[in-house]
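Colleague: Could you take me closely through one helix and its cap, and then place that part within the rest of the assembly? I would like the reasoning spelled out as you go.

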There are 2 protein chains.
Amino acid sequence: MTAALSRLPGLGPRSARRAVLWLIKRRETALVQLLDALGAVQGALVECEVCGNIDTHDPCAICADPRRDMRALCVVEEVADLWALDRARLFTGKYHVLGGRLSALDGVRPEDLAIDRLLARVEQGGVDEVVLAMNATLEGQTTAHYLAERLEAFPVRITQLAHGLPVGGELDYLDEGTLAQAIRARRPVA
Amino acid sequence: MTAALSRLPGLGPRSARRAVLWLIKRRETALVQLLDALGAVQGALVECEVCGNIDTHDPCAICADPRRDMRALCVVEEVADLWALDRARLFTGKYHVLGGRLSALDGVRPEDLAIDRLLARVEQGGVDEVVLAMNATLEGQTTAHYLAERLEAFPVRITQLAHGLPVGGELDYLDEGTLAQAIRARRPVA
C-alpha cells in the first residue's frame with residue numbers, strides 16, 4: 001500500500017508511510033470510504049471518444065453541451081490542461097486532448113498522439129478556428145509547430161495562446177526569454 | 001554595520017551577522033576592498049537626466065548610444081526593470097524610468113513619478129512608439145492605463161508588453177488569470 005500511495009504525485013515515500021499508518025488506524029471508517037470512492041470512480045469514469053476528456057459520460061459534458069461553440073476547437077496536451085483552461089472560463093468552444101506531446105527523448109511520435117482523430121474532426125467540417133494550447137515548453141512548442149503544419153491543408157484559422165508576462169509578473173524577476181517574447185509580441189493599448 | 005548590512009535585500013539579520021564577522025576577520029583585505037568598491041560607486045554613479053537610468057555617465061550609455069532607435073521609447077517603473085529588459089536584448093530603442101508606480105496604498109501620486117518628464121520627451125517629437133512596460137501587477141497596470149490616457153493627446157503609437165504564458169509555462173500549473181489572458185490574446189500561428 002505504501003508503494004502504491006507513494007507513486008501519487010506530491011506524495012513521497014515518507015508521507016506515504018504516514019498516510020498508510022493513518023489509514024490503517026481508521027480501517028473501519030476512512031479506509032472503507034476511500035475504497036468506496038476509488039471503486040466508484042474506477043467503474044464510472046470513461047474517456048470521451050470525441051475529445052479524449054475524462055468524465056462519467058461518453059461523450060463528455062463539454063462535448064455534449066449544445067451551448068458550447070462547435071466552431072472553435074482548442075487542442076491541449078493532457079486532460080489536466082483541458083481542466084485548467086476550462087477553469088479560466090474564457091474559452092467557450094470544444095476541446096481535443098492529444099494525450100501527450102511529441103518528444104524525441106521519450107520516443108513519442110505523431111502516431112502515438114490523437115492527431116489523426118484531430119484531423120478527422122477538422123476534416124468533418126464546421127470548425128473555423130483551431131487553438132493550439134500547448135505548454136510553453138520546448139516539446140509543447142515543437143508539437144504546436146507540427147500540428148500547425150498538418151492543419152495547413154484545411155480551411156481553418158490556426159491560433160496559439162499568447163506568450164508574455166504572467167499575471168503578477170514583475171519584469172525584474174522574469175527570465176529573459178519571457179521578457180523577449182513580451183517585447184516582441186507587444187500590442188497596441190486598446 | 002550589522003544593521004546596515006541586514007537592510008540589503010536578501011540578507012536577513014542572521015546572515016548579516018555572519019557577513020560582519022567574516023569582514024571583521026578580514027579587515028585588512030576584504031573589508032578594505034569592499035570599502036574601496038563602494039566608495040568608487042558612490043562617487044561615480046549618477047542618475048541620467050534624460051531617462052532616469054543609473055550609470056557612471058550622464059546622459060547614460062543607452063541615451064548616448066547613437067545606434068539605438070530614438071523613435072521607440074520604453075517606459076518602465078524602476079531602473080531594475082530597465083536593466084532586466086535590456087538583458088533580453090530585443091528592444092533597441094530608448095528608455096524612460098518613472099521611479100515607481102501609482103499606488104493609493106503607498107500614497108504615490110502622478111506628480112511623484114517622472115511623468116511630466118516623459119510627456120516633455122514625447123512632446124519634443126521624434127518618438128513614434130511608446131511601449132508601456134509596467135509590471136503585470138494591479139498597480140503596474142493602473143499606472144499603464146493612466147499613462148495611456150495622458151499620452152493619447154500625442155501622435156504616437158502606444159503599445160504594451162504581451163501578457164500570456166511565460167517561457168516554460170505549463171497550463172496545469174498556471175493561475176486562471178494568466179490562462180484567461182493567454183486565451184483572450186491568442187494570435188494566429190505565423
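Modeller: The N-terminal end of helix H8 of chain A is capped by A:Asp175, which places a side-chain oxygen 3.2 Å from the backbone nitrogen of A:Gly177. Please keep in mind throughout that this is a predicted model. The helix that follows this cap covers residues 176–184 of chain A, and its buried residues are A:Thr178, A:Leu179, A:Ala180, A:Ala182 and A:Ile183. In an α-helix there are 3.6 residues a turn, so residues three or four places apart point the same way. The partner of the buried residues of H8(A) belongs to the other chain, for they pack against helix H5 (79–87) of chain B.

Since that packing joins chain A to chain B, the relation between the copies comes next. Two copies of a chain are related by a rotation about an axis and a shift along it. Here a rotation of 180° with a shift of 0.1 Å along its axis superposes chain A on chain B, with an RMSD of 0.1 Å, and this is the relation of a two-fold axis. Within chain A, A:Gly164 has the C-alpha nearest the axis, at 2.2 Å from it. Both copies use the same surface, as 100% of the contact residues of chain A recur in chain B.

Two residues of chain A show how contacts across to chain B look in detail. A:Gly168 sits in the loop between E6 and H8 of chain A and is partly exposed, with a relative accessible area of 36%. Apart from residues up to four places away in sequence, A:Gly168 touches B:Ala136 and B:Thr137. A:Thr159, in contrast, belongs to strand E6 of chain A, which spans residues 157–160. With a relative accessible area of 2%, A:Thr159 is buried, because the cut-off for that class is under 20%. Setting aside neighbours within four places in sequence, A:Thr159 is in contact with A:Glu129, A:Val130, A:Val131 and A:Leu132 in chain A, and with B:Arg186, B:Arg187, B:Pro188 and B:Val189 in chain B. The side chain of A:Thr159 also makes a polar contact of 2.8 Å with the side chain of A:Glu129.

Helix H5, whose chain B copy receives H8(A), leads on to the salt bridges, of which a search of the whole structure finds 22 over all chains. In chain B, B:Asp86 forms one with B:Arg68, with the closest N and O atoms 3.1 Å apart. This pair links distant parts of the chain, since B:Asp86 is in helix H5 of chain B and B:Arg68 is in the loop between helix H4 (61–64) and strand E3 (69–76), 18 residues apart. B:Asp86 counts as partly exposed at 25% relative accessibility, whereas B:Arg68 counts as buried at 14%.

In chain A, the side chains of A:Arg101 and A:Glu77 meet in a salt bridge of 2.6 Å, N to O. A:Arg101 lies in the loop between strand E4 (93–97) and helix H6 (115–123), and A:Glu77 in the loop between strand E3 (69–76) and helix H5 (79–87), so the pair ties together parts of chain A that are 24 residues apart in sequence. A:Glu77 is buried, with a relative accessible area of 0%, while A:Arg101 is partly exposed at 23%. A:Glu78 joins A:Glu77 and A:Arg101 in a network of salt bridges.

Helix H6 of chain B provides a further pair, in which the side chains of B:Asp116 and B:Arg150 meet in a salt bridge of 3.9 Å, N to O. B:Asp116 lies in helix H6 and B:Arg150 in helix H7 (residues 138–151) of chain B, so parts 34 residues apart in sequence are tied together. B:Asp116 counts as exposed at 56% relative accessibility, and B:Arg150 is partly exposed at 31%. B:Val122 is also found in helix H6 of chain B, but this residue is buried, with a relative accessible area of 5%. Leaving aside neighbours within four places in sequence, B:Val122 is in contact with B:Leu73, B:Val130, B:Leu151, B:Phe154 and B:Val156. B:Val122 and B:Phe154 are 32 residues apart in sequence, and their C-alpha atoms are 7.5 Å apart in space.

Finally, on the surface of chain A, a nonpolar patch is formed by A:Val41, A:Leu45, A:Ile54 and A:Trp83, which together have about 350 Å² of accessible area. Of these, A:Leu45 is found in the loop between helix H3 (30–44) and strand E1 (46–47) of chain A, and it is partly exposed, with a relative accessible area of 38%.

Methods:
Residues are numbered from 1 along each chain as its sequence is written. Chains are lettered from A and ligands numbered from 1 in the order in which they are written. This is a predicted model: local features need pLDDT of at least 70, side-chain atom pairs count only at pLDDT 80 or more; totals for chains, interfaces and linings use all residues. Side-chain values use heavy atoms; hydrogens and water are left out. Helices (H or I, at least four residues) and strands (E, at least two) are DSSP runs, numbered from the N terminus. Buried means under 20% relative accessible area, exposed over 50%, partly exposed in between (1.4 Å probe, protein chains only). A polar contact is a pair of N or O atoms within 3.5 Å; within protein, one must be able to donate a hydrogen and the other to accept it, and residues adjacent in sequence count only if both atoms are side-chain atoms. Contact means heavy atoms within 4.5 Å. Patches are made of residues with over 30% relative accessible area and no salt bridge: like charges are joined within 9 Å, nonpolar side chains (Val, Leu, Ile, Met, Phe, Trp, Tyr) within 5 Å. Accessible areas come from the Shrake-Rupley method with a 1.4 Å probe; for residues, only the protein chains shown count as cover. A salt bridge is a side-chain nitrogen of Lys or Arg within 4 Å of a carboxyl oxygen of Asp or Glu. Copies are superposed by least squares on the C-alpha atoms of residues with pLDDT of at least 70 in both.
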